[in-house]
Amino acid sequence: MNDSMSQTCNECGKRFSGRKDKKFCDDACRTNFNNRKNQDTSADFRQINAILKRNRSILQTFAGLPDGTSVSRKDLLDSGFRPEYVTQIQPDPAGGIIRYCYDLGVRFSENKEIQVFWKSQNSVFRSSRNL
Ligand SMILES: [Zn+2]
C-alpha cells in the first residue's frame with residue numbers, strides 16, 4: 001500500500017508518517033496553522049473596513065458642503081480618499097463612472113470637478129444640477 005508515507009508538517013516542518021493527504025503531524029499543529037491563517041484574514045478584513053469607513057467619512061464631509069460648491073478631484077484625493085476602495089461601481093448615465101461608498105456616491109466628471117451625493121437622493125439622475 002502506498003497511502004502511508006513520510007510527510008512534512010506544514011506547521012512545524014517535522015517529518016511524520018501518515019496518509020498522503022495529511023498536512024500536519026498532529027491536531028495542535030493543524031489548529032495553530034488555521035488560527036494563524038484566520039488572523040491574517042481578519043487583519044486584512046479590518047484594514048479594508050477601516051479604509052472604507054474613512055472613505056465614507058470623507059465623502060460625508062464633502063456631501064455636507066453647500067450646493068454648488070466646486071470640489072475638484074484633487075481636493076478629494078488630497079483629503080485621503082482612496083477611489084479603489086468603494087462598495088459599488090456603476091456606469092454614470094451622463095458618462096464615466098459613479099463610485100459608491102455605502103450610502104454616499106461620488107461622480108467624477110470630465111472637467112475635473114466631482115459631485116458627492118447621498119445615494120438615497122439619487123441626485124446623479126438630476127444630471128443638469130451642477131454641470
Ligand atoms: Zn507539526
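Here a trainee and a mentor talk through a predicted model, asking what lies behind the labels.

Trainee: What makes S3 and S7 count as paired strands?

Mentor: The cut-off is at least two bridges found by DSSP. Strand S3 (residues 71–72) and strand S7 (residues 113–118) have two bridges, in the antiparallel sense, so they meet that cut-off. Val71 stands opposite Ile114 in S7.

Trainee: And what makes S6 and S7 a pair?

Mentor: Here there are five bridges, again antiparallel, with S6 covering residues 104–108. Since the rule asks for at least two, they count as paired. On the S7 side, Val116 is the bridge partner of Val106, and Ile114 is the bridge partner of Phe108. The two strands form a hairpin with four residues between them, and Lys112 in that turn has a positive phi of about 75°.

Trainee: Which strands are at the edges of the sheet?

Mentor: The open sheet has five strands in the order S3-S7-S6-S5-S4, with antiparallel pairing. S3 and strand S4 (88–91) are the edge strands, as each pairs on one side only.

Trainee: Why is Tyr102 called partly exposed?

Mentor: Count the neighbours: 15 other C-beta atoms lie within 10 Å of Tyr102. Buried needs 20 or more and exposed needs 12 or fewer, so a count between those limits is called partly exposed. Tyr102 is found in the loop between strand S5 (97–101) and S6.

Trainee: What is worth a second look in the backbone of Tyr102?

Mentor: Its phi is positive, about 55°, although Tyr102 is not a glycine. Most residues other than glycine have a negative phi.

Trainee: Which residues make up the largest nonpolar core?

Mentor: There are eleven, among them Ile58, Leu59, Leu76, Phe81, Val86 and Cys101. To belong, a residue has to be buried, of a listed nonpolar type, and joined to the set through C-beta atoms within 7 Å. Helix H1 (27–63), S6 and S7 each give two or more residues, and S7 gives the most, with three. Val106 is a member too; leaving out residues up to four places away in sequence, Val106 touches Leu59, Arg99, Ile114, Gln115 and Val116.

Trainee: How do you know where the predictor is less confident?

Mentor: Look at pLDDT, the predictor's confidence on a scale from 0 to 100. The protein chain averages 86, and 89% of the residues score at least 70. Over residues 124–131, though, the pLDDT is below 50. That stretch has eleven contacts in the model beyond near neighbours in sequence.

Technical notes:
Residues are numbered from 1 along each chain as its sequence is written. This is a predicted model: local features need pLDDT of at least 70, side-chain atom pairs count only at pLDDT 80 or more; totals for chains, interfaces and linings use all residues. Two residues are in contact if their C-beta atoms, placed from the backbone, lie within 7 Å.
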